[in-house]
Amino acid sequence: MATGSEHGLFINGEVVEAASGELRDIVEPATGEILGRAAMAGEADVDRAVEAARAALDGPWGRTPPTERSRLLHALGDAVAANRKELAELEARNVGKAISSVKAEVAGATENFRFFASVLGTIGGRSNPIGGSLLSYTLKEPVGVCGQIVPWNYPLLMSVWKLSPALAAGCSVVLKPDPQTPLSVLRVAELAHEVGFPPGAINIVPGDGPGTGAYLVKHPGVDKVAFTGSTRTGGEIMRLCSDPIKRLTLELGGKSPNLVFADANLDDAIPSSVWSIYYAAGQSCEARSRVLVEASMYDEFVSRFAEYAKQLRVGDPLDAETQVGSLISTAHRDRVHGFVERGVAEGAEIVAGGELPDGKGAFYTPTVLANVRNEMEVAQEEIFGPVVTVIPFEDEKDAIRIANDVRYGLFATVWTGDPARGHRVAAKIDSGMVGINMPFTAFPGIPFGGYKQSGFGRELSIETLDLYLETKGVLVSTSPKPFNPFGL
Ligand code: NAD
């Protein structure tokens with residue numbers, strides 16, 4: 001794809017113009033330059049896309065048997081792998097993220113298609129004895145047309161997390177990416193068409209949230225909504241899904257704790273904790289942005305952590321050596337800096353970063369805030385940038401109390417040399433996922449999702465399939481005699 005290229009919507013197996021003709025500049029956040037122009041969908045385009053998705057369900061896609069769906073998903077995973085260089089570069093330029101991390105995300109996208117290609121073989125009902133001459137069985141059916149909405153931080157991966165279980169279950173999809181980052185999923189939709197997905201099974205309609213997104217959510221032709229984004233927007237979507245009532249899953253924000261006990265192997269815990277917040281420049285829902293450290297080694301930990309943070313290579317997303325790229329936009333970078341300034345006003349101490357670098361691009365220096373109390377805004381609100389707060393705790397009970405004293409519950413990491421303590425703490429933390437002595441978060445097969453205000457529903461796992469299926473109970477009489485229930 002050449003710089004300055006134009007991108008249409010993807011509806012009914014074709015790249016098409018928006019009904020309004022609108023093309024919007026797509027900015028490369030690391031340079032501020034224009035990467036290309038993309039069509040922005042409006043209500044008429046959503047109508048067209050939903051209609052195509054419904055026709056696909058009533059037509060060729062609805063008649064595609066599970067074995068063929070599996071083959072198509074494998075083929076799409078292979079196509080993403082074969083085009084990984086193009087996709088990684090497109091994503092790194094569009095989001096500003098370091099290409100080293102984006103390459104891992106593209107590999108994750110392939111794995112995710114392959115995982116759901118395989119596990120769709122588990123879709124099946126069951127048969128129950130009821131007694132007497134009654135037999136029952138259940139059928140699993142695709143829930144229907146799915147409206148899916150994803151954010152800008154992992155546009156490719158979040159789209160694939162949503163598309164793959166929906167398609168595996170036999171649903172058709174209308175997906176709305178963030179208007180700033182539509183390019184990689186539009187390319188994936190083209191690849192899907194090339195490998196043989198029938199028209200209408202996958203439709204991509206980039207557009208604004210409150211306009212196009214809300215219209216898609218409310219659309220009477222949409223049976224289920226799956227949303228990834230902020231908790232505030234998730235609440236709005238939940239309201240929109242109440243009339244008419246829709247099936248809904250929400251993957252929302254986080255303020256995840258990273259608990260480091262004094263008996264941990266610090267040579268492992270410190271660099272891993274640095275990775276856990278600064279990966280993707282902190283713009284991850286599961287970023288471990290609250291580091292909780294046993295008080296007896298708080299000062300040593302803060303100084304060693306800050307040394308690592310200062311060594312991170314921040315810069316050109318396309319340089320293979322870069323570890324932290326730019327943020328999504330200068331507006332978002334200024335918002336992140338505002339959090340840091342208010343944190344300092346509340347008493348936090350900057351021990352690394354906290355600066356707006358000179359020059360072009362939306363870069364922000366990896367920042368460490370010490371002397372933070374858990375009730376401060378910087379410890380409670382999702383900053384969504386390369387900013388970590390480090391908070392001391394006295395003992396295990398205190399660590400769990402602070403870890404849970406937040407409205408979110410997406411992920412938590414525990415670092416300890418005592419395996420029993422690791423399991424004990426994992427059981428008491430209110431979050432959808434816990435890692436013990438390892439920083440990584442997302443694996444196909446392991447349920448990914450939130451407790452509390454981090455949402456509900458799970459991605460990435462066999463359980464996810466059920467969120468795209470209806471269960472129908474069928475009751476059968478095997479009696480040779482009529483029932484005649486009223487004795488008539
Ligand atoms: P956002 O909520 O502002 O936007 C997310 C998406 O929703 C975008 O496509 C946007 O256009 C759309 N949208 C906005 N308002 C809408 C409305 N009224 N109706 C319908 N659609 C609307 O979030 P963001 O700032 O783009 O993304 C960052 C957030 O996403 C963070 O809170 C992050 O934690 C969260 N996130 C969560 C997960 C997870 O799996 N839990 C993964 C990635 C990101």
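## Conventions

Helices and strands are DSSP runs numbered from the N terminus, with helices taken from H or I states over at least four residues and strands from E over at least two. The structure is a predicted model, in which local features need pLDDT of at least 70 and side-chain atom pairs count only at pLDDT 80 or more, whereas totals for chains, interfaces and linings use all residues. Residues are numbered from 1 along each chain as its sequence is written, and side-chain values use heavy atoms, with hydrogens and water left out.

## Two buried helix residues

A168 belongs to helix α5 (residues 155-169). This residue has a relative accessible area of 0% and therefore counts as buried, a class that covers values under 20%, with exposed meaning over 50% and partly exposed lying in between (1.4 Å probe, protein chains only). Leaving aside residues up to four places away in sequence, A168 touches R69, L73, F116, L120, I123 and L465, where contact means heavy atoms within 4.5 Å. The C-alpha atoms of A168 and I123 are 9.3 Å apart in space, and the two residues are 45 residues apart in sequence.

R421, in helix α14 (residues 419-428), is also buried, with a relative accessible area of 14%. With residues up to four places away in sequence again not counted, R421 touches F261, D263, E396 and T416.

## Packing of α1 against α7

Helix α1 (residues 43-58) packs with helix α7 (residues 209-218) at an angle of about 35°, and their axes are 9 Å apart; the axes are lines fitted to C-alpha atoms, for helices over the stretch in contact, and angles between N-to-C directions run from 0 to 180 degrees. The crossing of α1 and α7 is right-handed, a term used where the near helix is turned clockwise from the far one by less than a right angle, an anticlockwise turn being left-handed.

On the α1 side the contact is made by E43, V46, D47 and V50, and on the α7 side by T212, Y215 and L216. These residues divide into four nonpolar, one polar and two charged, on a scheme that takes Ala, Val, Leu, Ile, Met, Phe, Trp, Tyr, Cys and Pro as nonpolar, Asp, Glu, Lys and Arg as charged, and the others, Gly among them, as polar.

## Strand β11 and its partners

Strand β11 (residues 224-228) is largely enclosed by the rest of the structure, because five of its five residues are buried. K224, A226 and T228 point one way from the strand, while V225 and F227 point the other way.

β11 pairs in the parallel sense with strand β8 (residues 145-149) over four bridges, and likewise in the parallel sense with strand β12 (residues 247-251) over five bridges; two strands are said to pair if DSSP finds at least two bridges between them. V225 is the bridge partner of G147, and V225 also has L248 in β12 as a bridge partner. From β11 the chain crosses through helix α8 (residues 231-240) to β12 in a right-handed β-α-β crossover, meaning that, with the strands pointing away from the viewer, the path from the first strand over the helix to the second runs clockwise.

## Two open sheets

One open sheet of three strands has the order β6-β7-β23 with antiparallel pairing. β6 (127-131) and β23 (469-477) stand at the edges with a single partner strand each, so one side of each is left without a neighbour in the sheet. With direction ignored, neighbouring strands here are turned by 25° against each other on average. Strand β7 (residues 134-142) and β23 run antiparallel and are joined by nine bridges, with V474 in β23 as the bridge partner of Y137.

Another open sheet of three strands follows the order β1-β5-β4, and its pairing is mixed. Its edges are β1 (5-7) and β4 (23-28), each with a single partner strand, so that one side of each is left without a neighbour in the sheet; the twist from one strand to the next averages 30°. β1 and strand β5 (residues 33-39) run parallel and are joined by three bridges, and S5 stands opposite G36 in β5.

## Backbone geometry in loops

Most residues other than glycine have a negative phi, and most peptide bonds are trans. A cis peptide bond with omega of about -5° joins D243 and P244, and P244 lies in the loop between α8 and β12.

N371, which is not a glycine, has a positive phi of about 55°. It lies in the loop between β16 (367-370) and α12 (377-380) and counts as partly exposed at 43% relative accessibility. F384 has a positive phi near 60° and is placed in the loop between α12 and β17 (387-393); with a relative accessible area of 16%, F384 is buried.
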